[in-house]
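Biologist: I am new to reading structures, so please choose one part of this predicted model, look at it closely, and then follow what it touches and what surrounds it.

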Amino acid sequence: MLSDLRKPEEWTKRRLSGVRRYCGCRGRWRVARAQAPFALPPLPYADNALAPVISANTIGFHYGKHHKGYLDAMNAALAGPAKDLAGLSLLDLMKATAGKPERAALFNAAAQTWNHTFYWNSLKPGTGGKPPAGSRIAARLDTDFGGYDKFRETMKAMAVGQFASGWGRLVIENGKLACVRTPNAETPATVAGRTPLLTIDVWEHAYYLDYQNRRADYVDALLDKLINWEFADKNLVQDRTFIGRSRAGAREVVTLLFVFANN
Ligand code: MN
């Protein structure tokens, strides 16, 4: 397999599982681009799997009504007034509409579609708390925050302190981990130099049925019981600025190439 990996012209011929393909022309792995009409990605777990931290009732509204509502609004726009953008991938659609007042409704729908898929994947039943000892993400929390406890304090402050609707985020900013908050539909996915690793939705629809006005309790529960460090770790490895500064990251990319080439 290693010999195959050294022949990019061979890689382009392979049909790989999932949606990842090797783009030999640029020497990178790329995700095949879904276009309009977009489908609602399935939840990565059953709707009651996050209970009691997040109830099936909340998931039913949040995923089944809010997330789907954003997706439907985006698809409706792309089938009508925004038909000129219907050929774009979701990421390119967000980039094409970000910061343009005349496209604000479409940006909000597209970015919220993306944000929610990212949020569902940021959570996982039976996890949370500290990342596994010895993991890359644990090492980075030590280096960039001075340890897990400081990260947790910073992340909680960002999520709880977001005024009105928005998101608490763990991102990489120019090669370094950072906690930030973004209002409304704003997303680090469209910001150069920012790579999203994890997110916490702090719109009221995310927690009001279970926690009413106690946003801090919801954030505490997510951090302690549902944060998906595997997902953060995967996103960490895919960040180019991180890879550029980390031999471990570069090695991991080679490992990922093996996995994809063998599927
Ligand atoms: Mn939401």
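Modeller: Three strands form an open sheet in the order S4-S3-S5, with antiparallel pairing; strands (E, at least two residues) and helices (H or I, at least four) are DSSP runs, numbered from the N terminus, and two strands pair if DSSP finds at least two bridges between them. S4 and S5 stand at the edges with a single partner strand each, so one side of each has no neighbour in the sheet. On average, neighbouring strands of this sheet are turned by 25° against each other, direction ignored. Helix H5 packs on the sheet, where it touches S3 and S5, and its direction makes about 75° with that of S5. Helix H10 (residues 229-238) also packs on the sheet and touches S3 and S5, but its direction makes about 160° with that of S5. For such statements, residues are in contact if their C-beta atoms, placed from the backbone, lie within 7 Å, while axes are lines fitted to C-alpha atoms (for helices over the stretch in contact) and angles run from 0 to 180 degrees between N-to-C directions.

A word on reading these values: residues are numbered from 1 along each chain as its sequence is written. Since the model is predicted, local features need pLDDT of at least 70 and side-chain atom pairs count only at pLDDT 80 or more, whereas totals for chains, interfaces and linings use all residues.

Inside the sheet, strand S3 (residues 166-173) pairs with S5 in the antiparallel sense over seven bridges, and one of the partners in S5 is Arg194, which bridges to Glu173. S5 (residues 194-201) has seven of its eight residues buried, so the rest of the structure largely encloses this strand. Here a residue is buried if 20 or more other C-beta atoms lie within 10 Å of its own, exposed if 12 or fewer, and partly exposed in between, with C-beta atoms placed from the backbone. By contrast, Asn174, in the loop between S3 and S4 (176-183), counts as exposed because it has 11 C-beta neighbours inside 10 Å. Asn174 also has a positive phi of about 50°, although it is not a glycine. Most residues other than glycine have a negative phi.

The helix H5 (residues 104-122) that packs on the sheet also meets helix H3, and the axes of the two come within 8 Å and cross at roughly 135°. That makes H3 oblique to H5, because angles under 35 degrees count as roughly parallel, over 145 as roughly antiparallel, 65 to 115 as roughly perpendicular and the rest as oblique. The residues of H3 that take part are His67, Tyr70, Leu71, Ala73, Met74 and Ala77, and they meet Ala105, Leu106, Ala109, Ala110, Gln112, Thr113 and His116 in H5. By class, this contact of H3 with H5 has nine nonpolar, four polar and no charged residues; Ala, Val, Leu, Ile, Met, Phe, Trp, Tyr, Cys and Pro count as nonpolar, Asp, Glu, Lys and Arg as charged, and the others, Gly among them, as polar.

Finally, the loop between strand S2 (28-31) and H3 (56-79) holds Ala46, which is exposed, with 11 other C-beta atoms within 10 Å. Pro37 is found in that loop, and a cis peptide bond with omega of about -5° joins Ala36 to Pro37.

Key
Two residues are in contact if their C-beta atoms, placed from the backbone, lie within 7 Å.
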